[in-house]
Amino acid sequence: MESANFKSGFATLIGRPNVGKSTLMNHLIGQKIAITSNKPQTTRNRIQTVYTSKQGQIVFLDTPGIHKAKNKLGEYMVSVAEQTLKEVDVVLWLVEPTDFIGKGERHIAEQLKKSKTPVILIMNKIDMADKEKLPEYMAHYRELYDFEDVIPVCALRGINMERVINAIFKFLPYGPKYFDDDTITDQPQRQIVAEMIREKALRCLEEEIPHGIAVAIDRMRERPDGSMMDIDATIICERDSHKGIIIGKGGAMLRKIGSQARREIENMLEMKVNLQLWVKVKKDWRDSDFMIKNFGYDKKEI
Ligand SMILES: Nc1nc2c(ncn2[C@@H]2O[C@H](COP(=O)(O)OP(=O)(O)OP(=O)(O)O)[C@@H](O)[C@H]2O)c(=O)[nH]1
Ligand SMILES: [Mg+2]
């Protein structure tokens, strides 16, 4: 039984693409569940993870970066992020350390003003900033919105994580343990595998192409003797020219993506993996309702 002081509730991470939402969430729960990359629009779905301690249980929702959508997939991603604002106990809004507050940030502030949920501002990537300027940057943001708290962090190196956890608990109600101690995420294993492959593709490929990629797992089966997992997966891209780049000279790029992904999947599954990758072209799939649903980005499931 939990003690009478046990708290539980939901915290969502929002912000513009590439500010470090997924990196922060992974660090807070102590395991890499959400994929990350230096390309904007890495996260496409709402990813739920669970942090449990004696104090209570925090269910984190990592969301896609809020941006100006250029296609139906983008619209889906932004609605996933904005939808969560009303459903949670506390919002963590991540920004970068700068005193330039752009249109993107102002749009997010407007969205926040529409909901009554308490908001904590997280100023991430402080390793990149001039430390002396931080108080000024934070004060500047306070003019934009009445934050419950403003916390400077470095998600990459895990600086100030405890302060974030404690600040979240302040806004959670007393409640039950929603998930058992072993539960870390709601993501099915197949989906995590697909995401790991997409991450390696994002990281290996140049700009442009990664945004048009999806990954489908065609088969995932453990051998009867338990010696190995066979996985067949397809990388979907939007153009014939992209397919050529993903495969690379003599298949070199696809091999690179495959071997990096395999290593990470093996670590997660704790068993040997035989990973076969294919590449297929589906023209302009990001603008097709049918296709984006087909690849798991379903509005009904937001
Ligand atoms: N220097 C530095 N880089 C960071 C920090 N946190 C995250 N990053 C980097 O910023 C990039 C984006 O990180 P993500 O966690 O993928 O960002 P995100 O906000 O989830 O991005 P989207 O999913 O596209 O919305 C990655 O290259 C991270 O390694 C930090 O504290 N310092
Ligand atoms: Mg992300």
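The largest pocket in this structure encloses a volume of about 540 Å³. The model is a predicted one, and the description below moves from this pocket to the ligand site and then to the interior.

Lining the largest pocket are 25 residues, and those nearest its centre are Asn45, Gln191, Phe295, Gly296 and Tyr297. Three elements each supply two or more residues to this lining: α2 (72–83), α6 (189–204) and β7 (214–222). Of these, α6 gives the largest share, with 5 residues. Gln191, one of the residues nearest the centre, falls within the 189–204 span of α6. Sorted by class, the lining of the largest pocket holds 11 nonpolar, 6 polar and 8 charged residues.

Attention now turns to the second largest pocket, whose space amounts to about 450 Å³. Its lining is made up of 25 residues, with Asn18, Gly20, Thr23, Ser37 and Lys125 closest to the centre. Helix α1 (residues 21–29) makes the largest contribution to the lining of this pocket, namely 3 residues. The class division for the second largest pocket is 7 nonpolar, 13 polar and 5 charged residues.

Where does ligand 1 sit? Ligand 1 takes up the space of the second largest pocket. Around ligand 1 there are 22 residues, and the ones that come nearest are Lys21, Thr23, Gln41, Thr42 and Thr43. Thr23 therefore appears twice in this picture, being among the residues nearest ligand 1 and among those closest to the centre of the second largest pocket, where a lining residue has an atom within 4 Å of a grid point. The shell around ligand 1 comprises 7 nonpolar, 12 polar and 3 charged residues.

Several backbone atoms approach the oxygen atoms of ligand 1. At Asn18, a backbone N or O atom is found 2.9 Å from an oxygen atom of the ligand. For Val19, the corresponding distance between a backbone N or O atom and a ligand oxygen atom is 3.2 Å. Ser37 likewise has a polar backbone atom 3.2 Å from an oxygen atom of ligand 1. How much of ligand 1 does the protein bury? On its own, ligand 1 exposes 660 Å², and 91% of that area is buried by the protein. Asn18 and Ser37, two of the residues in these backbone pairs, are also listed among the residues closest to the centre of the second largest pocket.

Finally, there is the closed space inside the protein. Searching the whole structure for cavities of 30 Å³ or more returns 1. The largest cavity contains about 40 Å³ of space. Its lining consists of Ile33, Ala34, Ile35, Ile47, Gln187, Ile192 and Glu195. These lining residues of the largest cavity split into 5 nonpolar, 1 polar and 1 charged.

Technical notes:
Residues numbered from 1 in each chain as written. Chains lettered and ligands numbered in written order. Predicted model: local features only at pLDDT ≥ 70, side-chain atom pairs only at ≥ 80, totals over all residues. Heavy atoms only, no water. Near = heavy atom within 4 Å. Polar contact = N/O pair within 3.5 Å; in protein donor to acceptor, adjacent residues only side chain to side chain. Areas by Shrake-Rupley, 256 points an atom, 1.4 Å probe, with all protein chains shown as cover. 1 Å grid on protein atoms, 1.4 Å probe; cavity = no way out; pocket = protein on both sides within 12 Å on 5 of 7 lines; lining within 4 Å. Sits in = over half its atoms within 2 Å of the grid points. Nonpolar A, V, L, I, M, F, W, Y, C, P; charged D, E, K, R; others polar. Points joined across faces, edges and corners; volume = space filled by probe spheres on them. Helix = DSSP H or I, 4+ residues; strand = E, 2+ residues; numbered from the N terminus.
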